[in-house]
Amino acid sequence: MRLAKDELKSLLPLSPATLHILLALAAEDRHGYGIMLEVARQSQGQYALGPGTLYDNLEKLTYRGLVNEAPRRSANEDPRRRYYRLSAFGRRVLSADLERLRAVLKEAKAAMSPIKSSEST
Amino acid sequence: MRRSLYRALIELHPARFRDRFGDEMLCVFDEAGRDRAPRLFADAALSLLRQWLLRSNLWKMASGAVISSLLLCAWGNSTAHGVDLSLARGSRWHDRLAMNPWLGDREAPFDEAEFEREAAQAVAILAGIRKTEAQKRHAQSHNAPRSAPDPSSSAHANKG
């Protein structure tokens with residue numbers, strides 16, 4: 001358990017690409033192009049993930065056990081398509097990073113509020 | 001044409017990555033459409049660099065080769081410097097020997113006849129010096145006032 005916690009901490013903070021990929025897989029299993037479209041939607045087009053970056057990250061994530069390969073949805077689909085699924089460990093890592101980001105956001109809000117109030121006066 | 005170029009870029013990736021994700025990358029290219037092709041080309045080129053330089057063992061081999069070359073250069077330089085030093089020392093010693101008339105040329109082969117001739121000359125010179133000294137003492141003893149004879153000088157004179 002201690003080892004898993006240390007392993008989890010060692011993965012944080014997540015890189016923007018990893019965070020977006022895990023977030024894209026949080027709701028459902030997706031194939032590569034599906035992940036790219038979901039990342040573009042989440043970031044409102046600000047973060048464009050190319051296949052090279054995507055598969056480089058997916059290779060690392062599957063190796064570390066954060067993402068697993070999922071079965072194909074239907075036989076009619078392009079056989080080259082492969083689906084990916086967030087593992088239980090991957091979900092814990094994502095939750096831990098989101099918690100960290102929440103704390104960062106809270107600190108940022110506290111730090112920025114005096115500046116905002118002084119700007120308004 | 002664009003697809004062939006993109007496929008060629010994928011083919012240039014390391015086999016590990018190409019075998020695992022090559023078909024999927026081409027599938028994404030087919031699905032993304034022509035509009036996104038320039039961005040996908042740039043991404044594939046970056047991916048190519050990333051996979052060869054960072055993910056494969058090429059950087060380890062490259063850094064190993066660079067370190068080995070540097071070590072070899074350092075060793076070669078120090079060895080060459082050492083050789084230069086020894087050569088310089090040798091040449092200085094050789095110059096000193098050459099300038100000294102008593103020692104002569106160290107590298108010349110040993111000539112026994114010349115050694116005997118030079119030794120005979122040296123003995124003759126020493127004998128001449130001794131003879132001159134003895135004559136001097138003899139003259140001094142004759143010119144000196146008559147007193148108790150110096151035993152050492154008389155013995156010396158007898159020996160000469």
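These legends describe close-up views of a predicted model. Local features need pLDDT of at least 70, side-chain atom pairs count only at pLDDT 80 or more, and totals for chains, interfaces and linings use all residues. Side-chain values use heavy atoms, with hydrogens and water left out; residues are numbered from 1 along each chain as its sequence is written, and chains are lettered from A and ligands numbered from 1 in the order in which they are written.

**View 1. Chain B is built from six helices and zero strands.**
Along the sequence, the pattern of chain B reads α-α-α-α-α-α. Helices are DSSP runs of H or I with at least four residues, strands are runs of E with at least two, and both are numbered from the N terminus. Chain B has 160 residues, and 16% of them are buried. Buried means under 20% relative accessible area, exposed means over 50%, and partly exposed lies in between (1.4 Å probe, protein chains only). The accessible surface of chain B is about 12700 Å², with 62% belonging to carbon and sulfur atoms. Accessible areas come from the Shrake-Rupley method with a 1.4 Å probe; for residues, only the protein chains shown count as cover. Among contacts in chain B with a separation of 6 or more, 51% join residues 24 or more positions apart. A contact means heavy atoms within 4.5 Å.

**View 2. Aromatic rings pair up between helices of chain B.**
A pair of aromatic rings is described by the distance of the centres and the angle of the planes. Rings of Phe, Tyr and Trp (its six-membered ring) pair if their centres lie within 6.5 Å; planes under 30 degrees apart are stacked, over 60 edge-to-face, and the rest tilted. The whole structure holds five aromatic pairs over all chains. Tyr6(B) and Phe29(B) are stacked, because their ring centres are 4.3 Å apart and their planes meet at 15 degrees. Tyr6(B) sits in helix α1 of chain B and Phe29(B) in helix α2, 23 residues apart. Both Tyr6(B) and Phe29(B) are buried. Phe29(B) also forms an edge-to-face pair with Phe41(B), at 6.0 Å centre to centre and 75 degrees between the planes. Phe41(B) lies in helix α3 of chain B, so this pair ties α2 to α3 across twelve residues of sequence. Phe41(B) is buried too.

**View 3. A salt bridge joins helices α1 and α2 of chain B.**
A salt bridge is a side-chain nitrogen of Lys or Arg within 4 Å of a carboxyl oxygen of Asp or Glu. Here Asp30(B) meets Arg3(B), 2.9 Å from N to O. Asp30(B) is in α2 (residues 15–32) and Arg3(B) in α1 (residues 2–11), 27 residues apart. Asp30(B) is partly exposed, at 33% relative accessibility. Arg3(B) is partly exposed as well, at 32%.

**View 4. A nonpolar patch lies on the surface of chain B.**
Leu46(B), Leu49(B), Trp52(B), Leu53(B), Leu54(B), Leu58(B) and Met61(B) make this patch of about 710 Å². Helices α3 (37–55) and α4 (58–99) of chain B each give two or more residues. The largest share, five residues, comes from α3(B). Leu46(B) is found in that helix and counts as exposed, at 53% relative accessibility. Patches are made of residues with over 30% relative accessible area and no salt bridge: like charges are joined within 9 Å, nonpolar side chains (Val, Leu, Ile, Met, Phe, Trp, Tyr) within 5 Å.

**View 5. Helix α4 of chain A is mostly covered.**
This helix covers residues 51–63. Its 13 residues should span 18 Å, and its end C-alpha atoms are 18 Å apart, which agrees. The expected span is 1.5 Å times one less than the number of residues. Ten of the 13 residues are buried, including Pro51(A), Tyr55(A) and Leu61(A). Tyr55(A) forms one aromatic cluster with Phe17(B) and Phe21(B). Just after the helix, Gly65(A) takes a positive phi of about 80 degrees.

**View 6. Salt bridges also link charged residues in chain A.**
The count is 18 salt bridges over all chains. Glu69(A) bridges to Arg82(A), with the closest N and O atoms 3.8 Å apart. Glu69(A) lies in strand β2 (residues 67–70) and Arg82(A) in the loop between β2 and β3 (83–86), so the pair ties together parts 13 residues apart in sequence. Arg102(A) and Glu99(A) meet at 2.8 Å, N to O. They are three residues apart in helix α5 (residues 88–120) of chain A, so about one helical turn separates them. Arg102(A) is exposed, at 51%, and Glu99(A) is partly exposed, at 47%. Glu28(A), Arg30(A), Glu38(A) and Arg41(A) form a network of salt bridges.
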